[in-house]
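Work through the exercises below with the sequence and the 3D structure open. Each task is followed by a solution in steps.

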There are 2 protein chains.
Amino acid sequence: MDWKLDSRHPIGLFDSGVGGFTVLKELKHILPNEQFIYFGDTRNLPYGDKSPEIIHNWATNSIKFLLRLKVKAIVVACNISSSVLTKEELTAIPVPVFTLIEYGAKRAVEVTRLKKVGVLATMATVQTRSYERVLSSLDNGIEVVQSACPKFVPMIESGKLATKEIEATVREYLTPITESGADAIIYGCSHYPLLSRVIEKYVNGAVLIDPAVEVAKAVKEKLSEIPALRTDPPHPDVFFVSKITENFLSTAKTFLGQDISGHTLEWIVNE
Amino acid sequence: MDWKLDSRHPIGLFDSGVGGFTVLKELKHILPNEQFIYFGDTRNLPYGDKSPEIIHNWATNSIKFLLRLKVKAIVVACNISSSVLTKEELTAIPVPVFTLIEYGAKRAVEVTRLKKVGVLATMATVQTRSYERVLSSLDNGIEVVQSACPKFVPMIESGKLATKEIEATVREYLTPITESGADAIIYGCSHYPLLSRVIEKYVNGAVLIDPAVEVAKAVKEKLSEIPALRTDPPHPDVFFVSKITENFLSTAKTFLGQDISGHTLEWIVNE
């Protein structure tokens, strides 16, 4: 396949569901002229309780799908998906690829004074120990406290963002991190910033780090450098989901402020 | 794969390039509430000089692509593609499928009084003798005069719709048909109605039949019957091309009256 990075080509991103919206929002904020293609594998969520082999297969399919749409860059807006891809696999992709883990970890290392970093993540991401690996490769004096939050994604994907149950669950998942004295906490799953209003209440003074903010800056920098930044008027984003759900459309409306129902297509990526 | 025909799902159609626009125009006229997904294999056109095996492969890929997007019906807006698909293959598709040949032939049989039908088509379609076969299955007393028009598609795809060269070519290709005394002439390639203004001048009183008009009626009838006609407000159409070309966008603007640049995505269907 011939590959030429063209500024008019879209930027692709994917996630298991609505989590990538938190990444898209940051990307759109910093790159207002770009067109984005979003893939949400809503048919298969949550990813957090699936095996690395299955997620590897899905992540590979999602990347192939975005490449077929000739994206000029890919943001893996799903931490688990980037956890299961090897560095070799990521490097082999013919367009620049950005993962949340890399940029979230970099920022945490800059921010922490006590050298204690907390990570909120799905069970699958916690098990791959990706954050621990990347953080210690950046600074091996850093202590990492991970907390698996298996209930968050199902709650967010069912549209529950502020209930008593959420409040209790947030408190429960944050406790091991705050008790450890971590002064920086990474959203280790792109879904979690959707719960930021509740999470912020229980961080006990720690700085919350959204890797999406860092990734968006990195994407802009890279596209400026190539150069492949879009300068003509933006085109509407296109959303693909493996199953159209009410929550996907309504979360886009409330969180992104966009009525995307006319720009959302079903795509069966993993039969 | 589970399949449920949902009225809110789009209708898919495909062609080698802009020819399918003539079909889309008729469909949109008669089905204003529907959303359409169009695939134009612009990277591989013209199809007319390719082998049946290659076209069969491409047509199969195009259908799979549209099915992945969960279309509720497929219009094969390319005569060659439907010529190379067997009846068994068409029947195996889990949604209703419509071909131009079937409906163009039916209409020709209704229209001809002299039982002489002319067919303007690409070399590949002429060679498959599909029109002859379908026409004689409907009425074996009908004489069919085919004329292969290999220059039409390249002319149309290069944006030339009214030059002296077109005029001469149209005259040349129409001569064997008008000399035979045919009183009905089928546009046996969806591209050709784009040359209707020139072609009309050389038909010598014969009735020109655009199969797209008949297909559009059939699609409406079938969707009403299921029922799967869309009743909520329409969503914008989405165009996929294997290569974005200036002619694709400009023909959409002049012929469909739509600026589709914001709704056109590149999709590499046949690597």
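Contact means heavy atoms within 4.5 Å. The model is predicted, so local features need pLDDT of at least 70 and side-chain atom pairs count only at pLDDT 80 or more, while totals for chains, interfaces and linings use all residues. Residues are numbered from 1 along each chain as its sequence is written, chains are lettered from A and ligands numbered from 1 in the order in which they are written, and side-chain values use heavy atoms, with hydrogens and water left out.

**Exercise 1.** Find how many residues each chain gives to the contact, and how much area is buried.

Solution. Step 1: chain A gives 23 residues and chain B gives 25 residues. Step 2: buried area is the accessible area (1.4 Å probe) that two parts lose on being put together, summed over both. Step 3: for chain A and chain B this comes to about 2300 Å², with 58% of it on carbon and sulfur atoms.

**Exercise 2.** Count the salt bridges between chain A and chain B, and describe the side of chain A that touches chain B.

Solution. Step 1: a salt bridge is a side-chain nitrogen of Lys or Arg within 4 Å of a carboxyl oxygen of Asp or Glu. Step 2: there are 2 salt bridges between chain A and chain B. Step 3: one of them joins A:E266 to B:K70, with the closest N and O atoms 3.2 Å apart. Step 4: on the side of chain A that touches chain B, the elements that give two or more residues are helix 2 (52-68), strand 9 (238-241) and strand 10 (264-266) of chain A. Helices (H or I, at least four residues) and strands (E, at least two) are DSSP runs, numbered from the N terminus. Step 5: by class, this side has 11 nonpolar, 6 polar and 6 charged residues. Ala, Val, Leu, Ile, Met, Phe, Trp, Tyr, Cys and Pro count as nonpolar, Asp, Glu, Lys and Arg as charged, and the others, Gly among them, as polar.

**Exercise 3.** What rotation superposes chain A on chain B?

Solution. Step 1: copies are superposed by least squares on the C-alpha atoms of residues with pLDDT of at least 70 in both. Step 2: the rotation is 180 degrees, with 0.0 Å of shift along its axis (RMSD 0.0 Å). Step 3: the two copies are therefore related as by a two-fold rotation axis.

**Exercise 4.** Where does A:P46 lie?

Solution. Step 1: A:P46 is in the loop between strand 2 (36-40) and helix 2 of chain A. Step 2: the peptide bond from A:L45 to A:P46 is cis, with omega near -5 degrees.
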